Amino acid sequence: MEANALDQALMVVGTVMIVWGAVSDLIGALGMLRFPNFFVRLHAATVGTIWGAFVPLIGVSLFAAGYEGLGFYRWFMAGGALVTAFLLLLLAPVGSHALARAAYRSRAAEVKPKVVDFLEEFVKKVMGGENDRA
Amino acid sequence: MDENVLLNMILYALPVYLLAFLLYVVRAVKGPTIPDMVLAVDALSYDLAAFLAILAVVFKIPILIPVAIVLALWIYALDIYVAKYLESKEMGE
């Protein structure tokens, strides 16, 4: 039952990434609960998805690649977790960006700590205040 | 290092994930606007996909890995649907 050095290194790195992801997930959830409005909460969502979901999925992949106790399904689980991680890395920012754009253009959430908003001025000047249509 | 020690460390990390899920659910229920709720459900589900993958490795249940992939893809579909509805007030044909 003595695992070799490479497998042990993979498992230690995977465990560190999973625990790191748990801490980041808690930080992201606290930010999601405590931040004042939608456009500030997008920042907490970034922490919660990339550091709280992408990093532990890579950790699961490394852990499964070094864990001989999984038997026949070892590489299935390592590869599946890797595919999930890269899908999430591509899809989470695209989804958040589409949601933020829609929330801005439909005025569903207000831009609260605002110093200057060039897009709003541009739309008002060029398109005659017609901001709520795509 | 023995693999049982590492598995125990991962087991101690699981309640932290559950606490984070609880905070996301609070925001998803009381979020004042629609984008707030969708953003909270979004982050909750991506983290749930990671949690499923961790459970699959710790308890040796390989069928949970495809479940995590499908969950990530459906939550992306939710984002796009809600964004499209907010922008043009219709779901698309």
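**View 1. The largest nonpolar core of the predicted model has 63 residues.** Leu57(A), Ala49(B) and Ala53(B) have the most contacts inside this core. Both chains feed into it. From chain A, helix H1 (5–34), helix H2 (38–66) and helix H3 (74–105) each supply at least two residues. From chain B, helix H1 (3–30), helix H2 (34–58) and helix H3 (64–88) each do so too. H2(B) provides the largest share, 16 residues.

**View 2. Ala49(B) is in contact with residues of both chains.** Its neighbours within four places in sequence are left aside here. On chain A, Ala49(B) is in contact with Ala53(A), Thr84(A) and Leu88(A). On chain B, the partners are Ala68(B), Leu71(B) and Ala72(B).

**View 3. Helix H2(B) is largely enclosed by the rest of the structure, because 20 of its 25 residues are buried.** How far apart should the ends of this helix be? At 1.5 Å a residue, the 25 residues of H2(B) should span 36 Å. The end C-alpha atoms are 36 Å apart, so the model agrees with that expectation. Just after H2(B) comes Lys60(B), which takes a positive phi of about 60 degrees.

**View 4. The contact between the chains takes 55 residues from chain A and 47 residues from chain B.** Look at the side of chain A that touches chain B. H1, H2 and H3 of chain A are the elements that give two or more residues to this side. H3(A) gives the most, with 17 residues. By type, this side of chain A divides into 39 nonpolar, twelve polar and four charged residues.

Key: Residues numbered from 1 in each chain as written. Chains lettered and ligands numbered in written order. Predicted model: local features only at pLDDT ≥ 70, side-chain atom pairs only at ≥ 80, totals over all residues. Core = buried A, V, L, I, M, F, W, Y, C linked by C-beta atoms within 7 Å. Buried ≥ 20, exposed ≤ 12 C-beta atoms within 10 Å, placed from the backbone. Helix = DSSP H or I, 4+ residues; strand = E, 2+ residues; numbered from the N terminus. Contact = placed C-beta atoms within 7 Å. Nonpolar A, V, L, I, M, F, W, Y, C, P; charged D, E, K, R; others polar. Expected span 1.5 Å × (residues − 1).
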